[in-house]
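Let's work through a few exercises together, one step at a time. Keep the sequence and the 3D view open while you read.

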Amino acid sequence: MNFRIKLAALASAAAMCAVSTYASAETFRLSHNTGDTTTWHRGAERFNELLGEATGGEMSVRIFPNAQLSGGDQMRQAEMVGRGALDFVVTSAINVTPLEPQMAVFSLPYLYANYEEVDRTTDGAPGDRMKEIMLNHNVVVLAWGENGFREITNSQRPIVTPQDMQGLKVRVAGPMYIDVMNALGANPQQMQWTETFTALQQGVVDGQENPIGAVIIPQRVYEVQNHLTTWHYSYDPIFIGVSKRLWDSWDAETQAKVQEAANEAMAYQKEITRSETAEGLEVLRGHGMEVHESTPEELQAFRDATQPAFDKWAAQVGEDLVGEFQNAIGASN
Ligand code: X2X
């Protein structure tokens, strides 16, 4: 055997070896942008367990919290998944709006009044429509989970009326919320979630808004905030998505296993998020927070005050899409 043949034999043996290792156990990277105590993380962990069970241990995900894989930029994850630079993502709709502004439809202020209305959209035609839209960005949205109704917290005063928001420095996650906060006379500042706790602690901002069960409690926001108002001003779904390139590389049987694991994991994530939100006000009071539960009249005042932001973003998202959501929401009312 001359040297060249030996080398070729070695190379092909190495290649075979690599292929067989790859095929027998694949670990994919899953990125999300909250801490490792949140219901997002627990949903991702459940997905990993279910995927392992369904594939006899052949497929698994390694979970990277706090948007580590996108350099700390929570808004970049979905775009990276679309390019195939990340395999899976668990993120919320508002994080995807720089890539796909239509994703803001879910979070229009006061679009939804309750969970039943939410479920009619995420479990119905509007949810499927949004999956199609995300496919244009090469992100396969497998299943919807829940971040939840976003509630305002702050260190300064109880928030009861829109006037109480005047001049409050509020950290927000995305561009639509800047307009909503401006409509309320607050002073919004867009900031990464991972930098928010310190910013609240140091008084760089006075307040923030996030869902109770998914984020506020597990990320111990009550340690740096005194007041919470259940103003339910905006709903934010999460989803588990996979890169289209990766999805297309699987046969139908594998796709079905991944899909099933995603469905179950997000159903679980939604369930724990809702139950922990339901128990959440007591937990927060126990940690010394002053909780104000908005009355229907108070909610109406916030709805009226945020109408300009709704109108601006409804136009941006497209009246047709907003109409589809509103029809589904109103369908069995
Ligand atoms: O950044 C936030 O506020 C969070 C964690 O809720 C989102 O990802 C939108």
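**Exercise 1.** What volume does the largest cavity have?

*Solution.* Keep in mind that this is a predicted model.
Step 1: count the cavities. With a cut-off of 30 Å³ or more, the count comes to 1 cavity.
Step 2: read off the volume. For the largest cavity, the value is about 90 Å³.
Step 3: look at the walls. The lining is made of 15 residues, and N33, Q74, N147, R150 and N210 lie nearest the centre of the cavity. Two elements, α4 and β4, give two or more residues to this lining.
Step 4: sort the lining by class. You should find 5 nonpolar, 7 polar and 3 charged residues.

**Exercise 2.** Find what takes up the largest cavity, and describe the shell around the ligand.

*Solution.* Step 1: match the ligand to the cavity. The space taken by the ligand is the largest cavity.
Step 2: list the neighbours. A residue belongs to the shell if one of its heavy atoms lies within 4 Å of the ligand. There are 14 residues around the ligand, with N33, N95, R150, R171 and N210 as the closest.
Step 3: trace them to elements. At least two residues of the shell come from α4 (93-96), and at least two come from β4 (139-154).
Step 4: sort them by class. The shell holds 4 nonpolar, 7 polar and 3 charged residues.

**Exercise 3.** Which polar side-chain atom lies 2.7 Å from an oxygen atom of the ligand? Then look for other such pairs, and check how much of the ligand is buried.

*Solution.* Step 1: start with N33. The atom in question belongs to the side chain of N33.
Step 2: move on to Q74. Here an N or O atom of the side chain is 2.9 Å from an oxygen atom of the ligand.
Step 3: add N147, where the distance from a side-chain N or O atom to a ligand oxygen atom is 3.1 Å.
Step 4: check the burial. On its own the ligand would expose 270 Å², and the protein buries 100% of that.

**Exercise 4.** Turn to the largest pocket and describe its lining.

*Solution.* Step 1: begin with the volume, which is about 300 Å³ for the largest pocket.
Step 2: find the lining. It has 18 residues, and Y115, F149, E151, H232 and T277 are the closest to the centre of the pocket.
Step 3: name the elements. β4, β8 (227-243) and α11 (252-278) each supply at least two of the lining residues. The largest share, 5 residues, comes from β4.
Step 4: finish with the classes. The pocket lining divides into 7 nonpolar, 7 polar and 4 charged residues.

Definitions and conventions
Residues are numbered from 1 along each chain as its sequence is written. This is a predicted model: local features need pLDDT of at least 70, side-chain atom pairs count only at pLDDT 80 or more; totals for chains, interfaces and linings use all residues. Side-chain values use heavy atoms; hydrogens and water are left out. A polar contact is a pair of N or O atoms within 3.5 Å; within protein, one must be able to donate a hydrogen and the other to accept it, and residues adjacent in sequence count only if both atoms are side-chain atoms. Accessible areas come from the Shrake-Rupley method with a 1.4 Å probe; for residues, only the protein chains shown count as cover. On a 1 Å grid over the protein atoms alone, a cavity is a set of points where a 1.4 Å probe fits but cannot get out, and a pocket is an open set with protein on both sides within 12 Å along at least five of seven lines; lining residues have an atom within 4 Å of a point. A molecule sits in a cavity or pocket if more than half of its atoms lie within 2 Å of its grid points. Helices (H or I, at least four residues) and strands (E, at least two) are DSSP runs, numbered from the N terminus. Ala, Val, Leu, Ile, Met, Phe, Trp, Tyr, Cys and Pro count as nonpolar, Asp, Glu, Lys and Arg as charged, and the others, Gly among them, as polar. Grid points are joined across faces, edges and corners, and a volume is the space filled by probe spheres set on the points.
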